[in-house]
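Reader: Could you walk me through this one and show how each label is earned?

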Amino acid sequence: MEKLELMPKDFFAFKQFSIYQPYADVMKVSTDSVLLGCFANVENLNQGNALDIGCGTGLLCLMLAQKNKNLKITGIDINPNACQCAQYNVNHSIFYQQIEIMNISLKNFLDKSNLFYDIIISNPPYFSDSLKSQKLGKNTYRHQQEMTYEELLKGVKILLKKDGVFYVVIPYYEEKKFLSLVNEYNLFIHRKLTVWAHPKKQYPHIFIYSLQKYSSEYINTQKLYIYNDQFRYTEEYLNFTKDFYLFVK
């Protein structure tokens, strides 16, 4: 494990917490994760347990904690550098009592955990079939060599409560494969957010889903553009992220 040496360039400040992200092999703060955290509906839970699978720097753990101060959150990640960052970020936040960080794989966590979760959230590795980077660290968080969609959904199926909710973000080019696996594991879409980079793009950027163990007659579908035709942030994007980004008033 590398020594954590923080530099100003490694710092990303949000309204109620900050993220330090100095390691090359740990995924940086991304628009995808921020949108996923904003999408997750946890505010109305009086109490409960949440699990972030592949927690990285702890961003989603901290976003959930900000949204609901009664939520107990566990973040797991196989990368020790990610867990060191996440633990640092949690310790230096006002939400430190709500969050536990564990350096463990999903497979080993399944063997040890005796809890079922009201909320599970994940920004999983992308690029199941694409060429891998020559930088080994990037492969861990960008490619599905440590956790496949199959392993993720199998874990969710086991750990999620009967009425629990799983929140996940998937890139456009992985959607068909992912949804076929969702059907295979008998999970059901309740909400879907289609995110476009801007109106001139031919294809969406990402899809964000809420999945549950029981079917719904009505699927809540929404669309969001990050940028407008002038490549400025849209009002809907700013409103969606206003509780977290410092630059949004």
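What follows takes cysteines, salt bridges, aromatic rings and nonpolar cores in turn.

Author: Keep in mind that this is a predicted model. Ask away.

Reader: How do you know that Cys61 has no bond to the closest cysteine sulfur?

Author: The closest one belongs to Cys55, and the two sulfurs are 5.2 Å apart. A disulfide needs the sulfurs within 2.5 Å, so that distance is too far for a bond. Cys85 is in no disulfide either, its nearest cysteine sulfur being that of Cys83 at 9.3 Å. A search of the whole structure ends with zero disulfides.

Reader: What makes Cys61 and Cys85 buried?

Author: Buried means under 20% relative accessible area. Cys61 comes in at 0% and Cys85 at 1%, so both get the label.

Reader: On to charges. Why is the contact of Lys67 with Glu43 called a salt bridge?

Author: The cut-off is 4 Å between a side-chain nitrogen of Lys or Arg and a carboxyl oxygen of Asp or Glu. Here the closest N and O atoms are 3.6 Å apart, so the pair passes. Lys67 sits in helix 2, while Glu43 is in the loop between helix 1 and strand 3, 24 residues apart.

Reader: Are Lys67 and Glu43 buried or partly exposed, and how do you know?

Author: They get separate labels. Lys67 has 16% relative accessibility, which puts it among the buried residues. Glu43 has 40%, and the range from 20% to 50% is called partly exposed, so that label goes to Glu43.

Reader: What makes Lys161 and Asp118 a salt bridge?

Author: Their closest N and O atoms are 3.2 Å apart, and the limit is 4 Å, so they count. This pair links strand 7, where Lys161 lies, to strand 6, where Asp118 lies, with the two positions 43 residues apart in sequence. Asp118 is buried at 13%, whereas Lys161 is partly exposed at 30%.

Reader: How many salt bridges does the structure hold?

Author: Three. Besides those already covered, Glu175 and Lys192 meet at 3.2 Å, N to O. Glu175 belongs to helix 7 and Lys192 to strand 8, 17 residues apart.

Reader: Why is Glu175 called buried and Lys192 partly exposed?

Author: The line between the labels is drawn at 20%. Glu175 has 12%, so it falls on the buried side; Lys192 has 21%, so it is partly exposed. Leaving out residues up to four places away in sequence, Glu175 touches Ile170, Lys192, Phe207 and Tyr209.

Reader: Now the rings. Why is the pair of Phe39 and Tyr167 called edge-to-face?

Author: Two values decide that. The ring centres are 6.0 Å apart, and rings pair if their centres lie within 6.5 Å. The planes meet at 85°, and anything over 60 degrees is edge-to-face, so the name fits. With Phe39 in helix 1 and Tyr167 in strand 7, the pair ties together parts 128 residues apart in sequence. Both Phe39 and Tyr167 are buried.

Reader: And what makes Tyr227 and Tyr233 stacked?

Author: Their planes are at 15°, and planes under 30 degrees apart count as stacked. The centres are 5.1 Å apart, so the pairing limit of 6.5 Å is met too. Tyr227 and Tyr233 are partly exposed, at 29% and 34%. Ring pairs link them into a cluster that also includes Phe12, Phe14 and Phe17. The count of aromatic pairs comes to 18.

Reader: How do you know that Arg191 lies over the face of Phe39?

Author: Arg191 is at 3.8 Å from the ring centre, against a distance limit of 6 Å. The label also requires an angle within 35 degrees of the ring normal; Arg191 does lie over the face of Phe39.

Reader: Last one: which residues touch the most other members of the largest nonpolar core?

Author: Phe14, Phe17, Leu64, Ile99 and Ile208, out of 44 residues. Helix 2 supplies the largest share, seven residues. Phe14 touches Ile19, Val29 and Val34, among others beyond four places away in sequence. There is also a second, separate core of 27 residues, which includes Ile104, Ile120, Phe166 and Leu211.

Key:
Residues are numbered from 1 along each chain as its sequence is written. This is a predicted model: local features need pLDDT of at least 70, side-chain atom pairs count only at pLDDT 80 or more; totals for chains, interfaces and linings use all residues. Side-chain values use heavy atoms; hydrogens and water are left out. Buried means under 20% relative accessible area, exposed over 50%, partly exposed in between (1.4 Å probe, protein chains only). Helices (H or I, at least four residues) and strands (E, at least two) are DSSP runs, numbered from the N terminus. Contact means heavy atoms within 4.5 Å. A nonpolar core is a set of buried Ala, Val, Leu, Ile, Met, Phe, Trp, Tyr and Cys residues joined through side-chain atoms within 4.5 Å.
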